[in-house]
Amino acid sequence: MKAQGGGHILNTASAGGLLCMQEMAPYNTSKAGVVALSETLRSELSPYGIGVTVACPMFFNTHLLDEMRYTDEFQAEFAKATFANARMSADEVARAVVRAVERRKLYAVPQASGKVLWGIKRVSPGFFFGFMAFLNRTGVGRRLFMWMAGKGLLQ
């Protein structure tokens with residue numbers, strides 16, 4: 001890409017890499033690494049006309065459940081509910097990501113729920129993580145997130 005005077009790299013992460021939602025630590029960690037790599041490459045490669053975009057979608061129906069492992073029944077039920085009630089198809093997510101690449105955006109967060117949650121975290125990380133800790137500590141988090149998944153609000 002340097003030799004040809006430019007190009008664009010698209011990395012695939014997840015909103016999990018931006019939001020670090022509860023009960024997803026290994027997944028969030030791996031996706032956050034992809035986000036950090038993309039951010040670093042963006043600044044390192046910009047002098048060469050090479051753009052970088054990192055795709056960070058929320059839940060949408062893929063074959064991820066075919067290989068997913070769980071530590072408890074809630075995680076399995078939650079994942080099934082989010083996939084079953086996804087509001088965007090894989091094709092719609094792909095189109096949104098391609099638009100982000102065409103606009104040379106660093107982050108491609110296709111779903112509105114991901115944009116809202118990530119915006120709250122960026123504006124007030126203390127509030128965001130404090131609220132998540134409260135939900136987890138009180139046991140409300142599992143019920144709330146399962147309800148949201150069932151209504152298609154995490155897509």
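## Patches, bridges and two lone cysteines

α7 gives the most to the nonpolar surface patch, with three residues. The model is predicted. The patch is formed by V116, I120, F127, F131 and F134, which together have about 450 Å² of accessible area. Two helices, α6 (112–123) and α7 (125–138), each supply at least two of its residues. F127 is one of the patch residues, and helix α7 is where F127 is found.

The surface also has a charged patch. R95, R99, R103, K105 and K115 form a positive one. Where does R103 sit? R103 is in the loop between α5 (90–102) and β3 (107–108). R103 counts as exposed because its relative accessibility is 56%, and exposed means over 50%.

R104 is found in that loop between α5 and β3 too. Here the backbone deserves a look. Most residues other than glycine have a negative phi. R104 is not a glycine, yet its phi is positive, at about 60°. R104 has 40% relative accessibility, so it counts as partly exposed.

C20 has a positive phi as well, of about 50°, and is not a glycine either. C20 is found in the loop between α1 (16–19) and α2 (25–45). With a relative accessibility of 36%, C20 counts as partly exposed.

That cysteine raises the matter of disulfides. How many disulfides does the structure hold? The count is zero. A disulfide is a covalent bond between the sulfur atoms of two cysteines. Why is C20 not in such a bond? The closest cysteine sulfur to that of C20 belongs to C56 and is 11 Å away, so the two are too far apart for a bond. A disulfide would need the sulfur atoms within 2.5 Å. Seen from the other side, C56 is in no disulfide, and its nearest cysteine sulfur is that of C20. Is C56 buried or exposed? C56 counts as buried, because its relative accessibility is 0%. C20, by contrast, is partly exposed.

Now to the salt bridges. The structure holds two. Both R142 and E23 contribute side chains to one of them, with an N to O distance of 2.8 Å. R142 lies in helix α8 (residues 140–150) and E23 in the loop between α1 and α2, so this pair ties together parts that are 119 residues apart in sequence. The loop between α1 and α2 is also the place of C20.

R142 meets D72 in a salt bridge too, at 2.5 Å, N to O. D72 is in the loop between α3 (64–67) and α4 (73–84), while R142 is in helix α8, so the pair ties together parts 70 residues apart in sequence.

Which residues does the network of salt bridges link? They are E23, D72 and R142. How open are these three residues to the surface? R142 is partly exposed, with a relative accessible area of 32%. E23 has 29% relative accessibility and also counts as partly exposed. D72, at 27% relative accessible area, is partly exposed as well.

To retrace the path: the nonpolar patch draws on α6 and α7. The positive patch includes R103, from the loop between α5 and β3. C20 and C56 form no disulfide, because their sulfurs are 11 Å apart. R142 meets E23 in one salt bridge and D72 in another.

Technical notes. Residues are numbered from 1 along each chain as its sequence is written. This is a predicted model: local features need pLDDT of at least 70, side-chain atom pairs count only at pLDDT 80 or more; totals for chains, interfaces and linings use all residues. Side-chain values use heavy atoms; hydrogens and water are left out. Patches are made of residues with over 30% relative accessible area and no salt bridge: like charges are joined within 9 Å, nonpolar side chains (Val, Leu, Ile, Met, Phe, Trp, Tyr) within 5 Å. Accessible areas come from the Shrake-Rupley method with a 1.4 Å probe; for residues, only the protein chains shown count as cover. A salt bridge is a side-chain nitrogen of Lys or Arg within 4 Å of a carboxyl oxygen of Asp or Glu. Lys and Arg count as positive and Asp and Glu as negative; His and the chain ends are not counted. The place of a charge is taken as NZ of Lys, CZ of Arg, CG of Asp or CD of Glu. Helices (H or I, at least four residues) and strands (E, at least two) are DSSP runs, numbered from the N terminus. Buried means under 20% relative accessible area, exposed over 50%, partly exposed in between (1.4 Å probe, protein chains only).
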